[in-house]
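Subject: Structure handover

Hi there,

Here is the structure I promised to pass on to you. Please open it alongside this email, and I will walk you through what turned up.

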Amino acid sequence: MNDKKINKPSSTGRFGKFGGKFVPETLMSSLEEIEIAYEKYSKDKSFLEELSSLQNDFIGRPTPLYFAKNLSKNLNQKIWIKREDLAHTGAHKINNAIGQALLAKRLGKKRIIAETGAGQHGVATATACAMLNLECIVYMGEEDIKRQAPNIYRMEMVGAKVVPVISGSKTLKDAVNEAIRDWVTNVESSYYIIGSAVGPHPYPYIVREFQSIIGIESRQQILEKTGKLPDYVLACVGGGSNAIGIFSGFIDDENVSLIGVEASGEGVETEKHAATLTKGTPGILHGSLSYVLQDDFGQIQEAHSISAGLDYPGVGPEHSNLKDIERAQYYSATDKKALEGFKMMSIEEGIIPALEPAHALGFLIDWAKEIPKEKTILFLLSGRGDKDLETVSKKMATL
Ligand SMILES: *Cc1c(COP(=O)(O)O)cnc(C)c1O
């Protein structure tokens, strides 16, 4: 196929047929304002210099690329880990939060709204706002607040206001709804920093661009260290921002296979999963057309995953397109597999992964046996697991 090379979405914000701007009319001009601002500042020398200096000195980039010798030996593959767990605040989300907060500042917006699931995007946004002197309001489902208490303290400690959301399933999708509601009401003063490569155009595109630093660095690092490109690039997929960030560095390299792993909770054959690309159908959620988990009426279904960061019934439109044009392959891993992956990396490598990328590790345990031996696999460790230790300990005790 010759349309595999994907750079920009179309002028109407589409990746193939996916994407678009399915939003209330009151938001159209704000989305346009953001789009125009991004086009301008993404070519602006002083913006790019400020961004780059914050990436280096505040986030700690470039993050290392590490050869996992024990895992590699055990699984008979060559496994390289891109260490986003070592980015400031412990996950890749900060790359996007800083980029968008800088953009908001250039737009003269002083009030930042964000939603959060696991709390990682909330922490990243609150952190960026503290550093850039912006007011920060974070919407978070009550259910997630219970699962992620340490992150609430972190957000409040750096000065953000955390607003509990008690509608619907009290998780991420409800938090997004509340954040959008706030934004519609306060659109003049406020900028909404979305946490993944989802939402109406231009968000999926902007988020990908701010996360593409992962792909740019990884490509350079793996070439330096191995002299060639990887055979596979592996990442977990919630909304899809960490995956699209690393995929974007290799999308034009046709010999590099791109593999995304979703959360299948208690199993794709049950109703308790978050495997949107595996089991979903095209529909509209949070302003864009993409694969979603929905019923016959188009009502969004509840997702389930042991990890709050993957517990979302939608996915970014660019992934939907990559699936349809077969440039990327998507698989899933259950809660149980994720725990296996979590334990394996902790014990073998002395690195405690977040539960989200632990899904991709759990998948890798079985999949590594199916593919030819000694392949080079670039694995994106999107975050560290401190936030998940309580959940994991409790779960392991019951197994
Ligand atoms: C939020 C999060 C994810 C899932 O979000 P994506 O947008 O799919 O990247 C994955 N890993 C970690 C560590 C997260 O915090």
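Below are my notes on the ligand site, the cavities, the largest pocket and a few backbone details.

Before anything else, please keep in mind that this is a predicted model.

**The ligand**

I would start with the ligand. It has 17 residues around it, and K93, S196, G240, S241 and N242 are the closest of them. By class, this shell comprises four nonpolar, 11 polar and two charged residues.

Several polar contacts are worth putting on screen. An oxygen atom of the ligand lies 2.7 Å from a polar backbone atom of G238. With S241 the partner is in the side chain, where an N or O atom is 2.7 Å from a ligand oxygen. The side chain of N242 likewise places an N or O atom 2.7 Å from an oxygen atom of the ligand. How much of the ligand does the protein bury? On its own the ligand exposes 380 Å², and 97% of that is buried by the protein.

**The cavities**

Next, the enclosed spaces. Four cavities of 30 Å³ or more are present in the structure. Which of them does the ligand take up? The ligand's space is the largest cavity, which holds about 350 Å³.

Thirty residues line that cavity, and those nearest its centre are K93, G195, S196, G239 and G309. K93 and S196 are thus worth a second look, as they are also among the residues closest to the ligand. Several elements each supply at least two residues of this lining: strand β5 (111–116), together with helices α5 (120–132), α8 (172–185), α10 (241–247) and α14 (355–370). Sorted by class, the lining of the largest cavity has 11 nonpolar, 15 polar and four charged residues.

The second largest cavity has a volume of about 50 Å³. Around it you will find V198, G199, L285, S288, S290, Y291, V292, Y312, G314 and V315. Strand β12 (residues 288–292) provides the largest share of this lining, with four residues. Six of the lining residues are nonpolar and four are polar, with no charged ones.

**The largest pocket**

Turning to the open spaces, the largest pocket contains about 450 Å³. It is lined by 22 residues, and R147, I306, T391, K394 and K395 are the closest to its centre. Helices α6 (142–147), α7 (149–157), α13 (335–349) and α15 (389–398) are the elements that give two or more residues to the lining. Which of these gives the most? That is α15, with five residues. The lining of this pocket is made up of six nonpolar, six polar and 10 charged residues.

**Backbone details**

Finally, three spots in the loops that you may like to check by eye:

- R61 to P62: this peptide bond is cis, with omega near -5 degrees. P62 belongs to the loop between α2 (45–59) and β3 (65–67).
- H201 to P202: here too the peptide bond is cis, and omega is about 10 degrees. P202 sits in the loop that runs between β8 (190–193) and α9 (203–226).
- E326: its phi is near 65 degrees, a positive value in a residue other than glycine. E326 is located in the loop between α12 (317–324) and β13 (328–333).

If you have time for just one view, I would pick the ligand in the largest cavity, with the side chains of S241 and N242 and the backbone of G238 displayed.

Happy to talk it through whenever suits you.

Best wishes

Conventions
Residues numbered from 1 in each chain as written. Predicted model: local features only at pLDDT ≥ 70, side-chain atom pairs only at ≥ 80, totals over all residues. Heavy atoms only, no water. Near = heavy atom within 4 Å. Polar contact = N/O pair within 3.5 Å; in protein donor to acceptor, adjacent residues only side chain to side chain. Areas by Shrake-Rupley, 256 points an atom, 1.4 Å probe, with all protein chains shown as cover. 1 Å grid on protein atoms, 1.4 Å probe; cavity = no way out; pocket = protein on both sides within 12 Å on 5 of 7 lines; lining within 4 Å. Sits in = over half its atoms within 2 Å of the grid points. Nonpolar A, V, L, I, M, F, W, Y, C, P; charged D, E, K, R; others polar. Points joined across faces, edges and corners; volume = space filled by probe spheres on them.
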